[in-house]
Amino acid sequence: DKTLGLAWVDISTAEFQVAMTEIEDLEEDLERIRPSEVLLPHDLVQAISSKQEAHGPHPSSVRGLLRSTLLRECHLTPVPRPWYMENSHPLQELQHTQYSSLELSAACALLLFVKHTQ
C-alpha cells in the first residue's frame, strides 16, 4: 500500500485539514500545501539525515522525495512515533467517522505537536 495520511494547519487562521495521498502524488500535494515545516517520526528523520534504513511504510520512497525536494524548502521536525499510533491518540472517538486511520494518525501527530509547542 502506497497511501499516506496528511494533516496541516495554518496557525494564523486556525485552518486545519487532513487528506489522503499516494506516494507518487506526495510531491504535488506538498507543492500545493507549501509547508514551512514537516513532521515525521523521529526514526525516519534520523534515517533521512544519516542515510540509514528506516523502518515503517515507504521509508525509501519518502526519504528520496524529502531529500530531493523538501529539505531545501522546509524544516523537518522529528516527533515521537507513538504520536502517530492509532491507539494512543486523542482522536479515538473519531475512528468510526469518514476519516481514515492514516488521516487520524497524521492529525493526531500534528495536534500533539501544536499542543506541545504553542
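The legends below describe close-up views of a predicted model.

**View 1. Helix 1 and its buried side.** In helix 1, the buried residues are L26, D29 and L30. The three lie on the same side of helix 1, because the arc they cover around the axis is only 95 degrees. The face turned away from this buried side carries E28 and R32, which are exposed. Helix 1 spans residues 26–33, and a loop connects it to strand 3 (37–41). The residue that follows helix 1 is R34, with a positive phi near 55 degrees.

**View 2. The salt bridge between R32 and D29.** Two salt bridges are found in a search of the whole structure, and one of them joins R32 to D29. The closest N and O atoms of this pair are 3.3 Å apart. Both residues belong to helix 1, where they are three residues apart, or about one turn of the helix. The partners fall into separate accessibility classes: R32 has a relative accessibility of 53% and counts as exposed, whereas D29 has a relative accessible area of 12% and is buried, since the cut-off for buried is under 20%. Pairing of this kind is possible because side chains of opposite charge can pair when their charged atoms come close.

**View 3. The salt bridge between R34 and E31.** A salt bridge also links the side chains of R34 and E31, with an N to O distance of 2.9 Å. R34 counts as exposed at 53% relative accessibility. E31 is partly exposed, and its relative accessible area is 36%. With 36% for E31, the value is neither under 20% nor over 50%, so the residue is placed in between.

**View 4. Surroundings of D29.** D29 sits in helix 1 and is buried, at a relative accessible area of 12%. Which residues does D29 contact once its neighbours within four places in sequence are left aside? The contacts are L6 and T21. D29 and L6 are separated by 23 residues in sequence, and their C-alpha atoms are 9.2 Å apart in space. L6 is also among the residues of a nonpolar core shown in View 6.

**View 5. Two residues with positive phi.** A14 is not a glycine, yet its phi is positive, near 65 degrees. The residue is placed in the loop between strand 1 (3–10) and strand 2 (15–22). A14 is exposed, with a relative accessible area of 60%. R34 likewise is not a glycine and has a positive phi, of about 55 degrees. The place of R34 is in the loop between helix 1 (26–33) and strand 3 (37–41). R34 is exposed, its relative accessible area being 53%.

**View 6. Nonpolar cores.** The largest nonpolar core consists of nine residues: L39, V79, W83, Y84, C108, A109, L110, L112 and F113. Helix 4 (residues 101–117) gives the largest share of this core, five residues. Another core, of seven residues, lies apart from it and includes L4, L6, A19 and I23. In soluble globular proteins, nonpolar side chains tend to be buried together.

Notes
Residues numbered from 1 in each chain as written. Predicted model: local features only at pLDDT ≥ 70, side-chain atom pairs only at ≥ 80, totals over all residues. Heavy atoms only, no water. Helix = DSSP H or I, 4+ residues; strand = E, 2+ residues; numbered from the N terminus. Buried < 20%, exposed > 50% of the residue type's maximum accessible area, 1.4 Å probe, protein only. Salt bridge = Lys/Arg side-chain N within 4 Å of Asp/Glu carboxyl O. Arc of directions from axis to C-beta. Contact = heavy atoms within 4.5 Å. Core = buried A, V, L, I, M, F, W, Y, C linked by side-chain atoms within 4.5 Å.
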